[in-house]
Amino acid sequence: MRNLASLLFAGGLAFLLMAVAAQLPFGHPPVLAGGEILAQAPQQVGAANIVTAVVLGYRGLDTLGEISILFAAATGIGLVLGRRRANAPRDPDAGTILRTGAALMFPLLLLVGFHIILHGHLTPGGGFQGGVILAAAFFLPLLARPGTPVNHPGLSLIEGVSGAIFILIGLIALFQGGEFLQPLLGTGTFGSLLSAGTLPILYLALGLKVGAELAGLLSRLADAEAN
Amino acid sequence: MMAHNLPFVLYAGAIGLLVIGIAGIVLSQNLFRIILALAIAEAGANLLLVLAGYHWGGTAPILDQGKALATMVDPVPQALVLTAIVIGVGIQALALGLAIQAYRAYGTLEMRQLRDRLEQDIALDAGMAPSGSRQAPAGERPIPPVPAVQRRGSHTL
């Protein structure tokens, strides 16, 4: 009975969504705010990647809220899983190939991660994507050698400092007579690495924060005692 | 022919993922499968958001030489999805952490057994007899006992 009701609910939802989607003119969306942003962002923000201009320039406050959610999730994981007992059994180390591979991938992943973060205002990518790659760089050795100690205080320090820098830049913009998190320092030469004002600094802080948070979160999950 | 059918295929894919995920959340009996279903539903919702901003012949909203502004897709849904993916990761990680704790406390991820053991614990904490009907069949309830090792962290009987 319960399954039948659930299936009916799912089917009804599918029908409803399809009916709504059939009404939408596919391929000709009403681009209202997006059109304005596309037209004005190159002059106002100076970032070649308009998605970055939206994420950090126009909706910076939302991004701050989002990293707060990620921070809450990371803190929650630490709170829920707690500290592991010193004598709890661990998985054995992986084989030579995996351990060597992890050591080989570590610098390459760091390089790719920082490249994606620093070019976030020019090319596809940015703080979130690059931060995840940085977290993967630190998580791979942990997968290959489950006993590797994780420097949680260091991760918390990186996370706290980069979050503080993000908010500080926003406050400086506020006290200079603008809006909170408004881009500063002018737009610079369009398309060069040092352009779009404070956006690259904001993205660097964001990338470090996301990377540190995800690395801490993954290592806590991997470190959890299963029984 | 292809261009005519493409919107239907895309929408059906996105909505199908969303509905499969929701059906999985409602129908699954295993906590881990519920979390996986949540991830599938999220993917469907994100795909739906990206589709909302697409137009024919659209290019990525990144300025470059020789790209006209008019052909670029709406950047707002893309920024929204970027946000949604990151939040989704946080939610899934937290859900997995809670599932690990549930397994440590009760030794199972099956929703039915979890619910029964939770009710027993709550009744024990409140100092009442476990809830049940007087017309319930006599004898032991068909729940295997929790192993002593996994009782740690939970209440001692």
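Let's start at an outlying spot in this predicted model: A:Asn87 has 5 C-beta neighbours inside 10 Å, so it counts as exposed, given that the cut-off for exposed is 12 or fewer. You'll find A:Asn87 in the loop between H4 and H5 of chain A. Go 21 residues along the chain to A:Leu108, and the two C-alpha atoms are separated by 34 Å.

Now for the buried part. Nonpolar side chains tend to be buried together in soluble globular proteins. Here the largest nonpolar core has 61 residues, and the ones touching the most other members are A:Val54, A:Ala135, A:Leu202 and A:Ala215. In chain A, the elements giving two or more residues to this core are H2, H3, H4, H5 (96-118), H6 (127-144), H7 (152-175) and H8, and helix H3 (75-106) of chain B does so too. H8(A) has the largest share, with 13 residues. Take A:Ala215 as a place to zoom in: leaving aside residues up to four places away in sequence, A:Ala215 touches A:Ala135, A:Phe138, A:Phe139 and A:Leu155. There's also a second, separate core of twelve residues, with B:Tyr11, B:Ala23, B:Ala41 and B:Leu48 among them.

That brings us to where the chains meet. Chain A puts 45 residues into the contact and chain B puts in 40. On the chain A side, at least two residues each come from H1 (2-23), H2 (33-44), H3 (50-58), H4 (60-81) and H8 (199-223). H1(A) gives the most, with ten residues. Sort that side of chain A by class and you get 32 nonpolar, nine polar and four charged residues.

Technical notes:
Residues are numbered from 1 along each chain as its sequence is written. Chains are lettered from A and ligands numbered from 1 in the order in which they are written. This is a predicted model: local features need pLDDT of at least 70, side-chain atom pairs count only at pLDDT 80 or more; totals for chains, interfaces and linings use all residues. Two residues are in contact if their C-beta atoms, placed from the backbone, lie within 7 Å. Helices (H or I, at least four residues) and strands (E, at least two) are DSSP runs, numbered from the N terminus. Ala, Val, Leu, Ile, Met, Phe, Trp, Tyr, Cys and Pro count as nonpolar, Asp, Glu, Lys and Arg as charged, and the others, Gly among them, as polar. A nonpolar core is a set of buried Ala, Val, Leu, Ile, Met, Phe, Trp, Tyr and Cys residues joined through C-beta atoms within 7 Å. A residue is buried if 20 or more other C-beta atoms lie within 10 Å of its own, exposed if 12 or fewer, and partly exposed in between; C-beta atoms are placed from the backbone.
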